[in-house]
Amino acid sequence: MHVDSKCLHAGYAPKNGEPNALPIYQSTTYRYDSTEHIGRLFDLKEEGHMYSRISNPTVAAVEAKIAALEGGVAAVCTTSGMAAILLTVLNICKTGDHIVASAEIYGGTINLLSFTLKRYGIDVTFIPVDSTKDEIKAAIQENTRMVFGETIANPAISVLDIEVFAEAAHECGIPLVIDNTFATPILCRPFEWGADIVVHSTSKYMDGHATVVGGVVVDGGKFDWENGKFPELCEPDVSYHGVSYTKQFGAAAFATKARCQLVRDLGIAPSAMDAFLLDLGLQSLSVRMERHCRNAEACAEYFENHPMVEFVNYPTLKSNKYYELAQKYLPKGASGVIGFSIKGSRDNAIKFMDSLELAINAVHVADARTMVLHPASETHRQLSDEQLIAAGITPGLVRFSVGIENIEDILADVKQAFDAI
Ligand SMILES: *Cc1c(COP(=O)(O)O)cnc(C)c1O
């Protein structure tokens, strides 16, 4: 099946007479005929659901769908994108370890890596998104356990050279983790370019309707965890009667450890209802992404030609620094998210934002509806104009998340908002 068809059919295959829609298994627990059977589940000797903090049939169907979309061997859903990133880090890093990350990533991830994890002794080095292989390798230390970046960065809208990052990581014996939230598996599948683990905030395009905060970790199944740097994945886990994840679960060692050890201990499993809603979103993901891309291309071109706009960040514009990388990694389009800056003071941007009628002012992106955010007066409001510019954010920067409405309505709204300035 092509990826578009997998959006509808992967993960759940009802048999004769069974419900066509994915059932919502609203149950915390599962019945078994014998204590001996439950004992085998506890020892991970047999597959099955024990308790919904660890796994649930509705959630499992969605996990199987997302694993199929990305081309991975297994996936683990979590209660948020941040939980998915935390789960990934904790699954391979412990106190004293180190992470190399692209500097152009989501602000929440920067907070997690720079402050929260640092308090627990996990250190980070940020490197430019455009780093060469040698520059990436120079940042990797003896204790580095992963390299991290975003396919399309939020909010910088830069494109990561996944192959270069993967080669640098692999030559040092560590995995590349890619946050593929903005691209989705419709536009880019990082495993095909050498990534080892893919994470998502499913709260964005995958859900698409702004109904459920969620995340997912997908295991590519190809990384060699037995190279000596990851003993926790290979040596017996005393909390599971001495299971070795690599020996017992092979390609799915990473995902199995993440679920059975850490989702169990951290309590970050989503509910069946949330998984059901995510599945509804996934069913239309490919058609929505196509429309998001075409609408965003039209908007980016309009912004680029507008006399009140000082610059536009959108990777499929010929003038964009990431045009070549976008042609390689994002041949179907570069998602619906555009950054552009309105000339003059921050008041001009505020006037533009407040004049929009169709586009929604919200702290959200990557939704079916067009949404706008003004970093200078919202997410980054504590910074002075000088600090904003140092952070790569101009006072007039608008993050414009193009929805799937009719393009003429979106452009008419934008035009009347510019006229209001
Ligand atoms: C939103 C976002 C996150 C965090 O996801 P939540 O679901 O809000 O926790 C992580 N990475 C990227 C790229 C995001 O856009």
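Helices here are DSSP runs of H or I with at least four residues, strands are runs of E with at least two, and both are numbered from the N terminus. With that settled, the second largest pocket of this predicted model can be placed: α3 (57–70), β1 (74–78) and α11 (253–266) each put at least two residues into its lining. The space inside comes to about 680 Å³. There are 23 lining residues, and those nearest the centre are Glu47, Gly48, Ser55, Arg259 and Cys260. Sorted by class, the lining of this second largest pocket splits into 15 nonpolar, 4 polar and 4 charged residues.

Now for the largest pocket, with a volume of about 1,200 Å³. Its lining takes in 49 residues, and Ile105, Tyr106, Gly107, Asn154 and Pro155 sit closest to the centre. Several elements chip in at least two residues each, namely the helices α4 (81–92) and α5 (107–119) plus the strands β6 (197–201), β8 (309–313) and β12 (397–401). The top contributor is α5, with 6 residues in the lining.

As for domains, the walls of the largest pocket are a shared job: domain 1 (3–280) and domain 2 (286–420) each provide at least three of the lining residues. The chemistry of that lining is a mix, with 23 nonpolar residues, 19 polar ones and 7 charged ones.

How values were computed
Residues numbered from 1 in each chain as written. Predicted model: local features only at pLDDT ≥ 70, side-chain atom pairs only at ≥ 80, totals over all residues. Heavy atoms only, no water. 1 Å grid on protein atoms, 1.4 Å probe; cavity = no way out; pocket = protein on both sides within 12 Å on 5 of 7 lines; lining within 4 Å. Points joined across faces, edges and corners; volume = space filled by probe spheres on them. Nonpolar A, V, L, I, M, F, W, Y, C, P; charged D, E, K, R; others polar. Domains from an automatic or database assignment.
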